[in-house]
Amino acid sequence: GPGGVAVPRAGLKKWTLPPDYSGITIPEKPKLKFMDKVPAVPKVRREPRRLRDIRGPSQVDTDFTQGQYGILALGGGYLHWGHFEMIRLTIGRSIDPKSMFAVWRVPAPYKSVTRKSLGHRMGGGKGPIDRYVTAVKSGRLVVEVGGRCEFGEVRPFLERVAQKLPFPAVAVSRESLQEMRREEEQRRLDNQNPWTFERVVTSNMLGMRKYLSPYDLQLKGRYWGKFFLKHRV
Amino acid sequence: GWLPALQLLRRGSKAVTRHWKAAHFQRQKLLALTEYLPPRPALPPRCLPRPAPPQQQEDGYARVLRAQLEATLRASRMVAVCQYNAMAEEDMATLRHFLRRHNIHVKFVLNEVARAVLAQSRLQNLLPLFVCRNILLVSPEPRAREMLRVLRGVPQVNLLGACIDDTILSRQGVENLARLPSLEVCQGQTVAALSLLPSQTCSLLQRGPAHLAALLEQHIRRLRGAGGAAEPPPGPGTA
């Protein structure tokens, strides 16, 4: 400072108000429900593969309902009972049921998946039902966690769960999801490239639709198979 | 005839695969063409001046401290700023006790609070003193001599400056002030100095006749001594 050598020392302590958890109610069963391996009415008829339930963005369960934090899927995939148990047990171990709760955002496995026994040649009909799975598209929330807690407390175990899922996933909070969407929108708006995938496909420039799928009209180059290409605008 | 495009599905895998399916070259070219290009402003942001940091929100606690300091400064006639070095708790308590005897209060002030308060008041020349750890010795009476005597015995507290009776003094000034006699004595001295000349008026006026009387006395003595037989001449009665 003027007139002397300033010795660095701490100034006035800035008191921050503690977080306000007034509007949060914890439901009676705060832990995750047990999901059956097989639905109560198992399917008799073996169903076709229908991989389109993995492809593209999700139209359901993309926003938060009860909790503040969750796991967002960034790719498509199938969750089977092993995954459900892993999620249920990890989150059940990490949350405090008195002050935090968790909620499923995916249904129990409903889709039957067949598998032929190993070592046999092709032919002989469709294999028997091996297991049941749940289809998850990218952009869908898998679980939601809420209660009297901060993102920093919840993020470590949510990240660990997200890494173990068969598709890329990330732990998000309401604010971080909003921020992600806002950034995506901003990238789309301030893109300096006059040529966008959407523009080329909708107007079929250079006959590109010969090499692209009709689904690319909706997917707009951001999805390829079950993968979600985050870097693309 | 024209065969439908379903023929293309004969070779290769389905649309959704576990592995990364190799894309047609035309598709790769299209994806390379339509990549995201970030905006490039004419002047890169690192060449621009740094944006002003976000204004710190007004802290209620800081406001309370400032109000307290303003009230203290208003209520006291003497405010001395001292540098404070670490000393033991009991030494601090002893110092506080001795100063309290002369009705001097010890206050610890935070520099950021003090700077904010002094910048608005008329004591702006005391601002350079608030650099390191400071204490304020405030008192409703200007007891400079007692304060200096107590502080002389404490080496950890050094007087930097003071504001006594709306006058900003340095350390030398405070020492000079302490050496001055008290107000009553000064007043008496002033009165005596002013009344010195009038007191001399009486003796000044009497100086002429007194000189004459002395001369005549001397003359009488000489005459008495010279002519003892001769009668002293009748002297006029002196007024």
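**Group meeting: chain B, and a strand of chain A**

In chain B, the mean positions of the 31 positive and 16 negative charges lie 19 Å apart. I begin with that value, and I should state at once that the model under discussion is a predicted one.

Let me turn to the architecture of chain B. Its secondary structure consists of eight helices and five strands. Followed along the sequence, these elements give the pattern α-α-β-α-β-α-β-α-β-β-α-α-α. The radius of gyration of chain B is 47 Å, whereas the globule rule gives 18 Å for 239 residues; the value is well over that figure, so chain B is more spread out than a compact globule. The principal axes describe this in another way, for the C-alpha trace of chain B spans about 190 × 50 × 25 Å along them.

What share of the 239 residues in chain B is buried? The buried residues make up 25%. The accessible surface of chain B amounts to about 17,600 Å², and carbon and sulfur atoms contribute 58% of it. As for contacts in chain B with a separation of 6 or more, 74% of them are between residues 24 or more positions apart.

I would next draw your attention to a single residue, B:Asn176. This residue belongs to helix α6 of chain B, which covers residues 171–179. Why does B:Asn176 count as partly exposed? Its relative accessibility is 39%, and the partly exposed class lies between the limits of 20% and 50%. A second residue, B:Ile104, is 72 residues away from B:Asn176 in sequence, and their C-alpha atoms are 19 Å apart in space.

I now move to chain A and its strand β6, residues 141–147. Seven of the seven residues in this strand are buried, so β6 of chain A is largely enclosed by the rest of the structure.

Which strands pair with β6(A)? One of them is strand β1 of chain A, residues 69–73, which pairs with β6(A) in the antiparallel sense over three bridges. Another is strand β3 of chain A, residues 100–104, which runs antiparallel to β6(A) and is joined to it by five bridges.

A:Glu144 in β6(A) provides a useful point of reference for both pairings. A:Gly70 stands opposite A:Glu144, and A:Val103 likewise stands opposite A:Glu144. When viewing these strands, one may recall that side chains in a regular strand alternate between the two faces of the sheet.

To close, I return to the two main points. Chain B is more spread out than a compact globule, and strand β6 of chain A is largely enclosed by the rest of the structure. Thank you for your attention.

Definitions and conventions:
Residues are numbered from 1 along each chain as its sequence is written. Chains are lettered from A and ligands numbered from 1 in the order in which they are written. This is a predicted model: local features need pLDDT of at least 70, side-chain atom pairs count only at pLDDT 80 or more; totals for chains, interfaces and linings use all residues. Side-chain values use heavy atoms; hydrogens and water are left out. Helices (H or I, at least four residues) and strands (E, at least two) are DSSP runs, numbered from the N terminus. The radius of gyration is taken over C-alpha atoms; the globule rule is 2.2 Å times the number of residues to the power 0.38. Buried means under 20% relative accessible area, exposed over 50%, partly exposed in between (1.4 Å probe, protein chains only). Contact means heavy atoms within 4.5 Å. Accessible areas come from the Shrake-Rupley method with a 1.4 Å probe; for residues, only the protein chains shown count as cover. Lys and Arg count as positive and Asp and Glu as negative; His and the chain ends are not counted. The place of a charge is taken as NZ of Lys, CZ of Arg, CG of Asp or CD of Glu. Two strands pair if DSSP finds at least two bridges between them.
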